[in-house]
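Work through the following exercises with the model at hand, and compare each step with the worked solution that follows the task.

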Amino acid sequence: MNYIRRVFLLLSDNGITRANYKDTEHYKDSKMFLDCPERMLKLLLESEETPL
């Protein structure tokens with residue numbers, strides 16, 4: 001991905017704010033999965049077995 005000179009906006013309960021891409025939830029979740037896919041899959045599959 002190439003996001004040079006792009007502005008990322010974060011929509012939250014606090015309104016719309018500018019965000020650094022690496023501070024977004026999407027980036028953090030993707031990085032966790034790519035860093036350790038086995039662990040993330042285990043966590044995801046375990047959560048399916050636990051009723052909400």
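**Exercise 1.** Decide whether leucine 44 counts as buried, partly exposed or exposed in this predicted model.

*Solution.* Begin by locating the residue: leucine 44 lies in helix α2. Next, take its relative accessibility, which is 44%. Buried means under 20% and exposed means over 50%, with partly exposed in between; leucine 44 is therefore partly exposed.

**Exercise 2.** Identify the residues that make the nonpolar surface patch, and determine which element gives the most to it.

*Solution.* The patch is made by Phe33, Leu34, Leu41, Leu44 and Leu45, and its area is about 490 Å². Assigning these residues to elements, one finds that α1, spanning 25-35, and α2, spanning 37-49, each supply at least two of them. The element that gives the most is α2, with three residues.

**Exercise 3.** Describe how strands β1 and β2 pair, and find the residues that stand opposite leucine 9 and leucine 10.

*Solution.* First set out the ranges: β1 covers residues 8-12 and β2 covers residues 15-19, and the two strands pair in the antiparallel sense over five bridges. Then consider the connection, where two residues lie between the strands, which together form a hairpin. Finally, read off the partners in β2: leucine 9 stands opposite arginine 18, while leucine 10 has threonine 17 as its bridge partner.

How values were computed: Residues numbered from 1 in each chain as written. Predicted model: local features only at pLDDT ≥ 70, side-chain atom pairs only at ≥ 80, totals over all residues. Heavy atoms only, no water. Patch = residues over 30% accessible without salt bridge, like charges linked within 9 Å, V, L, I, M, F, W, Y side chains within 5 Å. Areas by Shrake-Rupley, 256 points an atom, 1.4 Å probe, with all protein chains shown as cover. Salt bridge = Lys/Arg side-chain N within 4 Å of Asp/Glu carboxyl O. Helix = DSSP H or I, 4+ residues; strand = E, 2+ residues; numbered from the N terminus. Buried < 20%, exposed > 50% of the residue type's maximum accessible area, 1.4 Å probe, protein only. Pairing = 2+ DSSP bridges.
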